[in-house]
Amino acid sequence: QAKADARGGSRFFEPGMDAGAQARLSLEADLRQAVAERSLQLHYQPKIHLADGVVAGVEALLRWHHPKRGWVSPLDFIPVAEETGLILAIGRQVLAKACADARNWPSAVHVAVNVSPLQFRHGSLLRDVLAALKASGLEANRLEIEITETVMMEDTPRAVELLAQLRRHGVRVAMDDFGTGFSSLGLLRSFAFDRIKIDRSFVRDVDTHADARSIVRAIAGLGHSLGMAVTAEGVETAAQLDAVRREGCDEVQGFLFSPARPAGEIPGLLKTVVAAGLGRLAAD
Ligand code: C2E
Ligand code: MG
Ligand code: MG
Ligand code: MG
């Protein structure tokens, strides 16, 4: 039977289709609608530079307020967007919005944008990035692109070339969630990232588990010796902050400082986070 949804879309549910597949189809239809209406939002999470306690930049994180389900996590809808190709349109909107928003902030604040493997493979990423920079007037060196290890492992020579092109245009590139994938250290060498972000799973245990602490130390050392800045993701406690600083990380990001907030709150947040950051750094 055909089930028409409130916004006039319509979709056939096969009799044999299970509940999971139906839920997924309706999520896909709703996501398509949200993209068409441009109702996906971006929030921004500060990244704090440890040497001086200031906000060096923010990371753009997608937020979807679904009319019936409420907030849907990017962990739930990004995979759907990837599989359906919707991520290409979403990715363009994210780049355009992040660059336009960053243009309103102090020039020392950089903006990092996550890019998924399909965007990387598809071939329009460089064009999309340059278009977003041009339309917003944002300087290229204020934009950072975050990719995960998966991207490096697929079609490596092309990915290397694309990253090099981005960097030639002045855009920075960061390796996100480092340590969770299966990439080789050799790949890190061919890619020449500006930054490594240590995955939250290591940061979570850094103050309580010697093995996590060793991994954080090793990644920081490796990153620095390859000329990259090192960011610890998911810092939630003062003890974790202390530990990642001691192990040599340059920047931290996490709920201890702030979750991602709407663009309009960023200028105000820059001041309070700096104050809180300096307080925390001074406290020990
Ligand atoms: P990510 O790029 O590794 O982003 C960091 C995630 O960790 C964010 O989750 C952030 O809210 C969360 N986080 C930050 N600090 C803390 C903390 O102290 N504790 C805990 N428990 N979590 C913290 P979020 O926003 O749910 O995003 C999840 C993932 O979805 C991102 O991981 C990224 O891979 C993907 N994503 C988000 N926005 C975009 C986007 O615009 N494009 C693409 N392609 N992927 C995106
Ligand atoms: Mg990221
Ligand atoms: Mg990450
Ligand atoms: Mg992640």
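**Ligand 1 and two magnesium ions**

An oxygen atom of ligand 1 lies 2.7 Å from a polar side-chain atom of Arg 63. This contact, like everything described here, belongs to a predicted model. Two further polar contacts involve side chains. An N or O atom in the side chain of Gln 45 is 3.0 Å from a nitrogen atom of ligand 1, and a polar side-chain atom of Asp 177 is 3.0 Å from an oxygen atom of the ligand. Taken alone, ligand 1 exposes 800 Å², of which the protein buries 85%.

The site of ligand 1 is the largest pocket. The ligand has 22 residues around it, and those that come nearest are Arg 63, Asn 114, Asp 176, Glu 236 and Phe 255. By residue class, the shell consists of 9 nonpolar, 6 polar and 7 charged residues. At least two shell residues come from each of strand E4 (55–66), helix H2 (74–84) and strand E8 (172–178). The most are given by E4, which supplies 4 residues.

Next come the metals. The magnesium ion that is ligand 2 has four protein donors: Glu 59 through OE, Asn 114 through OD1, Glu 146 through OE and Asp 176 through OD. These donors lie 2.0 to 2.2 Å from the ion. Along the sequence, the donor residues follow the spacing E-x54-N-x31-E-x29-D. Glu 146 is in strand E7 (residues 143–147) and Asp 176 is in strand E8, so this pair ties together parts that are 30 residues apart in sequence.

The other magnesium ion, ligand 3, is coordinated by Asp 176 (OD), by Asp 177 (OD) and by Glu 233, for which OE is listed twice. Here the distances are 2.0 to 2.5 Å. The donor residues of ligand 3 are spaced D-D-x55-E in sequence. Asp 177 lies in strand E8, while Glu 233 lies in the loop between strand E10 (229–232) and helix H11 (238–246), so the pair ties together parts that are 56 residues apart in sequence.

What links the two magnesium ions, ligand 2 and ligand 3? Asp 176 coordinates both, and the ions are 3.8 Å apart. Asp 176 is also among the residues that come nearest to ligand 1, as is Asn 114, a donor to ligand 2 through OD1. Asp 177 has a comparable double role: its side chain makes a polar contact at 3.0 Å with an oxygen atom of ligand 1, and its OD coordinates ligand 3.

How values were computed: Residues numbered from 1 in each chain as written. Chains lettered and ligands numbered in written order. Predicted model: local features only at pLDDT ≥ 70, side-chain atom pairs only at ≥ 80, totals over all residues. Heavy atoms only, no water. Near = heavy atom within 4 Å. Polar contact = N/O pair within 3.5 Å; in protein donor to acceptor, adjacent residues only side chain to side chain. Areas by Shrake-Rupley, 256 points an atom, 1.4 Å probe, with all protein chains shown as cover. 1 Å grid on protein atoms, 1.4 Å probe; cavity = no way out; pocket = protein on both sides within 12 Å on 5 of 7 lines; lining within 4 Å. Sits in = over half its atoms within 2 Å of the grid points. Nonpolar A, V, L, I, M, F, W, Y, C, P; charged D, E, K, R; others polar. Donors = N, O, S within 2.8 Å, 3.2 Å for Na, K, Ca; no water.
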